[in-house]
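Hi,

Here is the structure I promised to pass on. Have a look at it first, and then read my notes below.

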Amino acid sequence: MHATTILMVRKGGRVVIGGDGQVSLGQTIVKGNARKVRRLAKGSVIGGFAGATADAFTLFERLEAKLEQYPGQLTRACVELTKDWRTDRYLRRLEAMMLVADKDVSLLLSGAGDVLEPEGGVMAIGSGGNYALAAARALEEQDLDAEAIVRRAMRIAAEICVYTNGNLVIESLDAA
């Protein structure tokens with residue numbers, strides 16, 4: 001997925017998801033302050049997306065419906081969403097990835113049917129995802145909280161990836 005970076009870090013009783021604001025169309029920056037990270041399920045879940053914006057909004061709406069159907073069960077709601085995503089003819093064409101978290105669990109969702117928990121509490125998606133992931137893993141051992149790691153790692157990714165900028169949207173939750 002191109003044109004964004006989304007990073008999730010779970011550390012020290014908090015889970016933080018940060019995303020940049022850049023929207024690119026080919027080699028042109030169309031917008032610099034898009035909001036790709038948001039709260040779901042009345043604030044009990046946070047999520048970020050990489051990929052086509054309309055597709056991501058569709059998936060966020062579907063996830064909201066699954067969370068209403070399975071309240072307090074983020075993993076089950078995500079599994080049900082990805083089942084639909086893989087089998088529904090319309091949803092199958094959606095091009096996006098998502099990182100979602102609640103107080104207990106962090107997950108990566110993809111149209112390939114993936115519902116993955118991060119190893120070590122850090123996960124990233126998007127064009128600059130690998131840069132942010134590497135930076136966050138390196139910073140994780142330092143005496144920094146989750147938000148500080150996200151901010152520094154995203155700044156590093158923005159310096160390397162042309163599809164990532166420094167206009168961050170960050171959401172966090174107290175973890176269990």
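Lys-42 sits in the loop between β5 and β6. This is a predicted model, so please read everything below with that in mind. Lys-42 is exposed, with a relative accessible area of 89%. Its backbone caught my eye too: Lys-42 has a positive phi of about 55 degrees although it is not a glycine. Ala-41 belongs to the loop between β5 and β6 as well, and Ala-41 also has a positive phi, of about 50 degrees, without being a glycine. Why bother to mention that? Most residues other than glycine have a negative phi.

On to the strand on one side of that loop. Arg-38 is part of strand β5, which covers residues 37-40. With a relative accessible area of 23%, Arg-38 counts as partly exposed, because the cut-off for buried is under 20%. Not counting residues up to four places away in sequence, Arg-38 touches Val-45, Ile-46, Gly-47, Phe-57, Phe-60 and Glu-171. From Arg-38 to Gly-19 the C-alpha distance is 9.6 Å, with their positions 19 residues apart in sequence.

Where does β5 fit among the strands? An open sheet of five strands, with antiparallel pairing, runs in the order β5-β6-β7-β8-β9. β5 and β9 (115-116) are its edge strands, each pairing on one side only. Further in, β6 and β7 run antiparallel and are joined by six bridges. One position to look up there is Gly-51, which stands opposite Ala-96 in β7.

There is another antiparallel pair to look at, strand β2 (residues 14-19) with β11, and this one also has six bridges. Gly-19 has Val-169 in β11 as its bridge partner. Five of the six residues of β11 (residues 169-174) are buried, so that strand is largely enclosed by the rest of the structure.

Next, the nonpolar cores. The largest has 21 residues, and the ones touching the most other members are Leu-63, Leu-74, Met-98, Val-100 and Leu-109. The elements giving two or more residues to this core are β6 (45-51), α1 (53-69), α2 (74-87), β7 (96-101) and β8 (106-110). If you want one residue to click on, try Leu-109: leaving aside neighbours within four places in sequence, its contacts are Cys-78, Leu-81, Thr-82, Trp-85, Met-97, Met-98, Val-100, Asp-114 and Val-115. Apart from the largest core lies another, of 18 residues, with Ala-132, Ala-135, Val-150 and Ala-157 among them.

Val-150 deserves a closer look. Val-150 lies in helix α4 (residues 146-160) and is buried, at a relative accessible area of 0%. What does Val-150 contact, leaving aside neighbours within four places in sequence? The list is Leu-7, Val-9, Val-16, Gly-18 and Ile-170. Val-150 and Ala-136 are 14 residues apart along the chain, and their C-alpha atoms are separated by 6.7 Å.

You will probably want to know about the cysteines. How many disulfides does a search of the whole structure find? Zero. Cys-78 is buried, at 0% relative accessibility, and Cys-161 is buried too, with a relative accessible area of 7%.

Thr-4 is another buried residue, with a relative accessible area of 2%. Thr-4 is placed in the segment before β1 (5-11). Its contacts, again leaving aside neighbours within four places in sequence, include Asp-20, Lys-36, Phe-49, Gly-51, Ile-125, Ser-127, Tyr-163 and Thr-164.

Last, the pockets. The largest pocket has a volume of about 250 Å³. It is lined by 15 residues, and the closest to its centre are Ala-41, Ser-44, Val-45, Leu-67 and Gly-72. Which element gives the most to the lining of the largest pocket? That is α1, with three residues. Ala-41 is the loop residue with the positive phi from the start of these notes, and Val-45 is one of the contacts of Arg-38.

Happy to go through any of this with you.

Cheers

Terms used: Residues are numbered from 1 along each chain as its sequence is written. This is a predicted model: local features need pLDDT of at least 70, side-chain atom pairs count only at pLDDT 80 or more; totals for chains, interfaces and linings use all residues. Side-chain values use heavy atoms; hydrogens and water are left out. Helices (H or I, at least four residues) and strands (E, at least two) are DSSP runs, numbered from the N terminus. Buried means under 20% relative accessible area, exposed over 50%, partly exposed in between (1.4 Å probe, protein chains only). Contact means heavy atoms within 4.5 Å. Two strands pair if DSSP finds at least two bridges between them. A nonpolar core is a set of buried Ala, Val, Leu, Ile, Met, Phe, Trp, Tyr and Cys residues joined through side-chain atoms within 4.5 Å. A disulfide is a pair of cysteine sulfur atoms within 2.5 Å. On a 1 Å grid over the protein atoms alone, a cavity is a set of points where a 1.4 Å probe fits but cannot get out, and a pocket is an open set with protein on both sides within 12 Å along at least five of seven lines; lining residues have an atom within 4 Å of a point. Grid points are joined across faces, edges and corners, and a volume is the space filled by probe spheres set on the points.
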